[in-house]
Amino acid sequence: MLRQLQCSASVRFFLPPDIMNVVANPVCKQSVRWRRKPPGTPLAKSKLFRIPPRPQVPEEERIELFRLTTNYNTFIKSVREFLREEVQSAAGKEQLADAVSMDDDLIRCKEINDKWNAEVALIREKRLLHEKEEKLNLISKRLEERKIRERNRVAEINELVRMEKEKEKYYITSENIDEAIENALRGEVDYNFAIDVKGNIYKGEVAEENLEKKAVETV
Amino acid sequence: MPHPASGGAQFLQHTRKIIRFTRKGCTNRPFYHIVVMESFRDQQDPVIEQVGTYDPLPNQHNEKLVSLNLERIRHWVGNGADVSTPVAQLLGLCGFFPIHPRSYMTAWRNRRAQAPSENNSSS
């Protein structure tokens, strides 16, 4: 695990963040149980001064290996070049085929789309007509309501005016103000009375025996 | 989502790709996947694609089993992926590549190692 973490840390230095997510994401990690020494352990004391023997390759073997390797490299180079050309030509053919099929596809899609558009246009026309009719109905209905409202309002106002005109004869004006004052001064009102549940009024400060008969006024 | 061991890792376009072994299996039981990876990646990191397997322990018929997805190997090598030496040896033995010099070397060294014991047994 430690080794993996160290690896992630060193990779973090030069990779874009989306790749970092994969590297650092523990879900995508498969830890291997190496059962070895931890990576930080120093060289063992017994191996400290050991000099490993150099491989002894006989001269003729070395020459033979050199020949084989050179041949091999030449062959491999040609094989790789062959494969590279194969892949590139395949990619080119694929692209061409893709382009052609894309065009066909586009034309086909456009036809289908036009057909759908025509269908939808019919439906839309019908719907718009219907909506227009509904709207006109609504407007006329509202106008009608408004007329009725206005009429009612005018009637109410007229009624108010009529009532005021009726009351006009009781108004106190500059002509009859002296008379009104006289009346007010003459008419004493005694508010010192009692009232029972039925609304009978009993005047006088002291209670009397037969109250029912004494009722003088009802509200 | 594919399992991380069998491919699907993200990679950059212009980095060096390599076809190589990653060791699976467990202690005392090696088993290798042949995978395409970015060459700087750790062995156990997510791989770009798995293109084969290799079981180095011989089975009851004395066979070491190899499976290769040659179509994908063609594709990756054609796109410039390198091949590690052990995988190149395998590809040489299966006839996809020329025989690797290391295979020749191993063969003659084995022959040479065997020769004196045969001489001893015959004498």
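## A walk through chains A and B

Let's start in a loop: B:Asn62 is found between S3 and strand S4 (66–68) of chain B. Keep in mind as we go that this is a predicted model. B:Asn62 has a positive phi of about 60°, although it is not a glycine. That deserves a second look, because most residues other than glycine have a negative phi. B:Asn62 is also exposed, since its relative accessible area is 64% and the cut-off for that label is over 50%.

There's another asparagine like this in chain B. B:Asn28 sits in the loop between S1 and S2, and its phi is positive too, at about 65°, again without being a glycine. With a relative accessibility of 71%, B:Asn28 counts as exposed. A glycine joins the list as well: just after H2(B), B:Gly95 takes a positive phi of about 90°.

Now let's step back and take in chain B as a whole. How many helices and strands does chain B have? There are three helices and five strands. Read from the N terminus, the order is β-β-β-β-α-β-α-α. Of the 123 residues in chain B, 42% count as buried. The chain exposes about 6900 Å², and carbon and sulfur atoms supply 50% of that. As for how the chain folds back on itself, take the contacts in chain B with a separation of 6 or more: 37% of them come from residues 24 or more positions apart.

Time to look inside. In soluble globular proteins, nonpolar side chains tend to be buried together. Here, the largest nonpolar core has 21 residues, and those touching the most other members are B:Ile19, B:Ile34, B:Val83 and B:Phe97. Which elements give two or more residues to this core? From chain B come strand S1 (17–26), strand S2 (29–38), strand S3 (49–54), helix H1 (70–78) and helix H2 (85–93), and they are joined by H3 of chain A. H2(B) supplies the largest share, four residues. The buried residues of H2(B) are B:Val87, B:Ala88, B:Gln89, B:Leu90, B:Leu91 and B:Gly92.

Pick out B:Phe97 and you can see both chains around it. Leaving aside its neighbours within four places in sequence, B:Phe97 is in contact with A:Tyr72, A:Ile76 and A:Val79, as well as B:Val77, B:Val83, B:Leu91 and B:Gly92.

The aromatic rings are worth a stop too. Over all chains, the count comes to five aromatic pairs. One of them is B:Tyr32 with B:Tyr54, a stacked pair 6.2 Å centre to centre, with 15° between the planes. This pair links distant parts of the chain, as B:Tyr32 belongs to strand S2 of chain B and B:Tyr54 to strand S3, 22 residues apart. Add B:Phe21 and you have one aromatic cluster made of B:Phe21, B:Tyr32 and B:Tyr54. Is B:Tyr54 buried or exposed? B:Tyr54 counts as buried because its relative accessibility is 14%, and the cut-off for buried is under 20%.

Finally, hop over to chain A, where some nonpolar residues are on the surface. A:Ile172, A:Ile177, A:Ile181 and A:Leu185 make a nonpolar surface patch of about 400 Å². A:Ile172 lies in the loop between helix H3 (59–167) and helix H4 (177–186) of chain A. At 58% relative accessibility, A:Ile172 counts as exposed.

Conventions: Residues numbered from 1 in each chain as written. Chains lettered and ligands numbered in written order. Predicted model: local features only at pLDDT ≥ 70, side-chain atom pairs only at ≥ 80, totals over all residues. Heavy atoms only, no water. Patch = residues over 30% accessible without salt bridge, like charges linked within 9 Å, V, L, I, M, F, W, Y side chains within 5 Å. Areas by Shrake-Rupley, 256 points an atom, 1.4 Å probe, with all protein chains shown as cover. Salt bridge = Lys/Arg side-chain N within 4 Å of Asp/Glu carboxyl O. Buried < 20%, exposed > 50% of the residue type's maximum accessible area, 1.4 Å probe, protein only. Core = buried A, V, L, I, M, F, W, Y, C linked by side-chain atoms within 4.5 Å. Contact = heavy atoms within 4.5 Å. Phe/Tyr/Trp six-rings, centres within 6.5 Å; stacked < 30°, edge-to-face > 60°.
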